[in-house]
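User: Please take a close look at the lining of one pocket. I would then like the answer to work outward from there into the rest of the protein.

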Amino acid sequence: MVDTLLTVAGALALVVAALSAPIQRLALSGPLLALLTGIVFGPAVLGVLDLPTVVEGHKELHEASRILLAISVMAVALRYPVRAVRSRIRPLAVLLGVAMLGMALVTTAVSAAALGVGLGAAALLGAALAPTDPILASSVVTGGPAEKGVAARTRQLLSLESGANDGLGLPLVLAAVAIAGPLTGGEALLESLWQVLGAVVFGTAAGWSGGKALRAADERRTIESGPLFIYTILLALFVLGASGLLRLDGILAVFVCGLAFNSTSSAAERSDENKIDEAVNRLMVLPLFAVLGAMIPWREWGELGWGRALLLVLGVLLLRRLPVLLALKRPLSLTWRDAVFLGWFGPIGVSALFYLTMEAHRLGADPRVLAAGTLVIAASTVVHGVTTAPGLALYRRKAADGSPETAG
């Protein structure tokens with residue numbers, strides 16, 4: 001089975017890499033193609049990839065999404081100069097402290113209303129689906145069309161938000177676990193404080209030490225030259241593993257580590273790594289989405305009721321983020337154009353899969369939660385994948401019409 005999976009995923013990655021320009025012109029995305037490939041080769045169609053459903057195989061998906069997410073948030077942390085990151089602290093705090101909470105509450109309400117589930121299940125969905133996925137979001141912040149057409153401030157905000165809120169979503173998930181399970185509010189608070197604060201301290205120390213060590217090795221010529229991003233991938237995996245041993249928020253620790261490491265590197269080094277960063281984010285995600293396509297819980301999707309399922313998907317995609325960002329337009333100092341852009345392009349992907357499977361690990365697999373969550377992930381992959389190219393074109397057109405640029 002592993003050989004079959006490697007063959008399918010490897011062939012898909014080669015096709016996407018070789019035909020990336022035509023694929024973008026056709027308003028498709030790599031994750032969408034990977035999801036469709038997994039469905040076709042999965043048990044529901046050809047049966048080449050005979051994998052269990054997400055409900056049965058959530059532990060393996062959790063580990064895969066955890067590793068991929070760590071590599072992605074490290075890439076996000078290295079994407080922009082530290083000076084640019086510092087200048088975005090205020091709007092980033094609004095996005096992380098207010099917008100993410102608003103998205104979790106809206107998604108919880110939509111889940112309860114659309115599915116008719118109790119507060120516990122709705123809260124689990126609200127917390128897991130709130131974070132913006134950094135891997136799916138990379139297609140609208142990196143690459144020629146995005147970098148030439150979208151305001152730098154807008155791209156930076158979406159990147160930094162998607163990198164940070166994947167780790168900072170943990171307190172929301174723990175609060176949902178407390179509502180749905182045996183964890184008390186006090187226990188959830190203490191665990192959140194330990195995991196988040198510990199991750200910040202450990203990530204800062206690891207990133208600063210790793211950057212200084214690399215510079216010292218380079219100056220003493222004890223290390224051979226090579227892609228810097230390879231070194232940071234190894235650093236990300238170390239921090240992720242050590243955070244697991246220390247029971248810290250590993251994704252947040254890796255993101256903070258990347259920021260600290262970024263502060264020790266030069267602008268030239270960062271510039272050289274941008275294309276590697278983009279390739280890693282766009283190609284390494286393909287096997288995971290192919291696996292997700294093969295593990296779709298079709299029976300559990302049907303048991304949600306297709307009317308309720310459609311209401312859930314429409315409610316989450318339309319209400320989870322866009323109204324929240326429009327309401328925060330002034331605190332975020334956004335034009336209408338940028339507020340709509342940021343409000344729409346907040347895709348749900350690997351980070352949601354990571355938290356859904358974490359909840360299943362802590363509470364036991366709830367077929368309704370996993371079915372509803374994976375349905376929204378699949379829908380977001382399709383809708384945001386299809387609308388990326390038209391959305392970027394529309395943004396550029398509005399900018400050309402003379403709409404005012406955002407300050408900052």
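Analyst: For sorting a lining by class, Ala, Val, Leu, Ile, Met, Phe, Trp, Tyr, Cys and Pro are counted as nonpolar, Asp, Glu, Lys and Arg as charged, and the others, Gly among them, as polar. The model is a predicted one, in which local features need pLDDT of at least 70 and side-chain atom pairs count only at pLDDT 80 or more, while totals for chains, interfaces and linings use all residues. Residues are numbered from 1 along each chain as its sequence is written, and side-chain values use heavy atoms, with hydrogens and water left out.

The part chosen is the second largest pocket. Its lining holds 8 nonpolar, 6 polar and 7 charged residues. A pocket here is an open set of points on a 1 Å grid over the protein atoms alone, where a 1.4 Å probe fits and protein lies on both sides within 12 Å along at least five of seven lines; lining residues have an atom within 4 Å of a point. The space in this pocket is about 560 Å³, taken as the volume filled by probe spheres set on the points, which are joined across faces, edges and corners. There are 21 lining residues, and His62, Arg66, Gln195, Leu248 and Met358 are those nearest the centre of the pocket. Two or more lining residues come from each of α4 (58-79), α12, α13 (228-246), α14 (250-262) and α21. Helix α21 gives the largest share, 5 residues. Helices are DSSP runs (H or I, at least four residues), as are strands (E, at least two), numbered from the N terminus. The protein has 22 helices and 0 strands by this count.

Two of the helices in the lining are also linked by a salt bridge (a side-chain nitrogen of Lys or Arg within 4 Å of a carboxyl oxygen of Asp or Glu). The side chains of Glu191 and Arg362 form the pair, at 2.7 Å from N to O. Glu191 belongs to helix α12 (residues 185-219) and Arg362 to helix α21 (residues 350-363), so the bridge ties together parts 171 residues apart in sequence. Glu191 is buried at 19% relative accessibility, whereas Arg362 is partly exposed at 36%. Buried means under 20% relative accessible area, exposed over 50%, and partly exposed in between (1.4 Å probe, protein chains only).

The model has 7 salt bridges under this rule. One of them joins Glu300 to Arg299, at 3.1 Å from N to O. Glu300 is buried at 9% relative accessibility, and Arg299 is exposed at 55%. Another joins Asp338 to Arg337 at 3.7 Å. Here both partners are buried, Asp338 at 0% and Arg337 at 12%. Shared partners link Arg299, Glu300 and Glu303 into one salt-bridge network.

The loop between α13 and α14 holds Arg247. This residue has a positive phi, near 60 degrees, without being a glycine, and is exposed at 65% relative accessible area. Ser333, also not a glycine, has a positive phi of about 55 degrees. Ser333 sits in the loop between α19 (322-327) and α20 (336-344) and is partly exposed at 35%.

Helix α21 also packs against another part of the fold. In helix α7 (residues 119-129), 10 of the 11 residues are buried, among them Gly120, Leu124, Leu125 and Leu129. These buried residues pack against α6 (89-115), α11 (170-180), α21 and α22 (367-400).

Behind these elements is the largest nonpolar core, a set of buried Ala, Val, Leu, Ile, Met, Phe, Trp, Tyr and Cys residues joined through side-chain atoms within 4.5 Å. This core has 132 residues, and Val239, Val254, Leu312 and Val350 have the most contacts inside it. A contact means heavy atoms within 4.5 Å. Beyond four places in sequence, Val350 touches Ser65, Leu68, Leu69, Asp133, Ile135, Val285, Leu288 and Phe289.

In the protein as a whole, 57% of the 408 residues are buried. Of the contacts between residues at least 6 apart in sequence, 84% join residues at least 24 apart. One buried residue is Gly38, at 0% relative accessibility, in helix α3 (residues 30-41). Outside its neighbours within four places, Gly38 contacts Ala290, Gly293 and Ala294.
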